[in-house]
Each structure stands twice: as C-alpha cells, then as structure tokens.
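Hi everyone, thanks for coming. I'd like to walk you through a structure that's probably new to most of you, so have a look at it while I talk.

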Amino acid sequence: MFHALILAAEDPAKVNPVIPHTAEIILGLVAFLLLLFVIKKFVSPRFEALYAERTAKIEGGIEKAEQAQAEAQRTLEQYKEQLAEARAEAARIRDDARAEGLQIVEELREQAQAESSRIIAQGQHQLDAQRAQIVAELRADLGRTAVELASKVVGESLEDDSRRRGTVDRFLNELDAVAAPASK
C-alpha cells in the first residue's frame, strides 16, 4: 500500500480521477475551437440572416399596420364628413318639406276659404231667389184672399183685373210700409 501511495504521488492523473489527461484537454480544446469556427463561419451568419429577415418582416408588418391605421383614420374622417353632410342635407330637406307643407296647408286653407265664401254666396243667392219667389207667391195668394174678403165686405165684385191689382198693390205697399219700420 505504501508503494501505491508513492506511485500516486508521482503521477497526478492517477491520483485524481477528475482531472483529465493533457492530451484529452488539447484534443477537447481543438474540437471546441473547430466547433466554434464552424458555428461562427456557417451557423451564425444563417442565424443573423434569419434574424434580419424576421426583423424586416416585423418592421414591415408594423409599417403596414401603421399605414393601414392611417388609411382607416382617413376613411373614418371621410365617413364622418359624409355623415355630417348627409345630416345637413336631411335637415335641409326636412326644413324644405316643412316649409312646403306649411305652404300647401296655407294654399288649402285659402282654397277652402274661397270655396266656403263661394258656397255661402251661392246659398245666399239661392235664399234671396227663394225669398223673392215665396214673397211673390205670398203676394199673389194674399192678393186673391184680400180680393175675396174685400168683395165679401164691400159687397161688390172686384173682378176687374186692373182694379183688383191696384187695390192689392196699395194694400201690400201699406203692409210693407208698416213692416219696414218694425224690422229696422
């Protein structure tokens, strides 16, 4: 056992199993440097290119989104302007329709008033004509009745037309004279 201790003291690799041999360290270092060179020469540029491409796509997408947002904002402004114009146009049409409606109502009112006046005038004319006809009929009836009564009272015949007319007209004129102050 003593002998193993001395051998172990002379060769440190045998003493500590964790520390690798120098050849392995050099081979590992060469392999690492070779791997680093391959990564730096071939892999890293591809990653950089993919990264740059992806960055460009993202920035392009952001730019497109900003352009789309600006276009949407312009479209919204145009829509708001058109909506405001449409509302103004609707208000103008509504006001025109109200004014036209009032004008039509006024014209209809004037037409109705004119028609009413015409109907009243026509009715008044008919009433005057009927009154004149009734008065003429009543005068004739009253004249006949008066002649008959006068003939009975006087006892003589009033058959003569001119005499009878004169008597009847005088009687009716006296009645009109009495009725005229009473009606005023």
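I'll start with the whole chain, then go to confidence, and finish with a patch on the surface.

First off, this is a predicted model. So what is the chain made of? It has 4 helices and 0 strands, so if you read from the N terminus, the order is simply α-α-α-α. Of the 184 residues, just 3% are buried. The accessible surface adds up to about 16300 Å², with carbon and sulfur atoms holding 62% of that.

Now, how confident is the predictor? Mean pLDDT for the chain is 83, and 83% of the residues get to 70 or more. Among the elements, α3 has the highest mean, at 90, while helix α1, residues 2-10, has the lowest, at 48. In residues 1-9 the pLDDT stays below 50, and that stretch makes 2 contacts in the model beyond near neighbours in sequence.

Next, an annotation. The unreviewed UniProt entry marks residues 18-39 as a "transmembrane region". In the model, that span is 82% helix and 0% strand, and its end C-alpha atoms are 29 Å apart.

Last, the patch. Which residues make it? Leu34, Leu35, Phe37, Val38, Ile39, Phe42, Val43, Phe47 and Leu50 form a nonpolar surface patch of about 880 Å². Take leucine 50 from that group: it sits in helix α3, which covers residues 22-154. Is leucine 50 buried or exposed? Exposed, because its relative accessibility is 53% and the cut-off for exposed is over 50%.

That's my tour, thanks for listening!

Terms used:
Residues are numbered from 1 along each chain as its sequence is written. This is a predicted model: local features need pLDDT of at least 70, side-chain atom pairs count only at pLDDT 80 or more; totals for chains, interfaces and linings use all residues. Side-chain values use heavy atoms; hydrogens and water are left out. Patches are made of residues with over 30% relative accessible area and no salt bridge: like charges are joined within 9 Å, nonpolar side chains (Val, Leu, Ile, Met, Phe, Trp, Tyr) within 5 Å. Accessible areas come from the Shrake-Rupley method with a 1.4 Å probe; for residues, only the protein chains shown count as cover. A salt bridge is a side-chain nitrogen of Lys or Arg within 4 Å of a carboxyl oxygen of Asp or Glu. Helices (H or I, at least four residues) and strands (E, at least two) are DSSP runs, numbered from the N terminus. Buried means under 20% relative accessible area, exposed over 50%, partly exposed in between (1.4 Å probe, protein chains only). UniProt positions are given in the numbering used here, feature names are shortened, and annotations may be inferred rather than shown by experiment. pLDDT is the predictor's confidence in each residue, from 0 to 100. Contact means heavy atoms within 4.5 Å.
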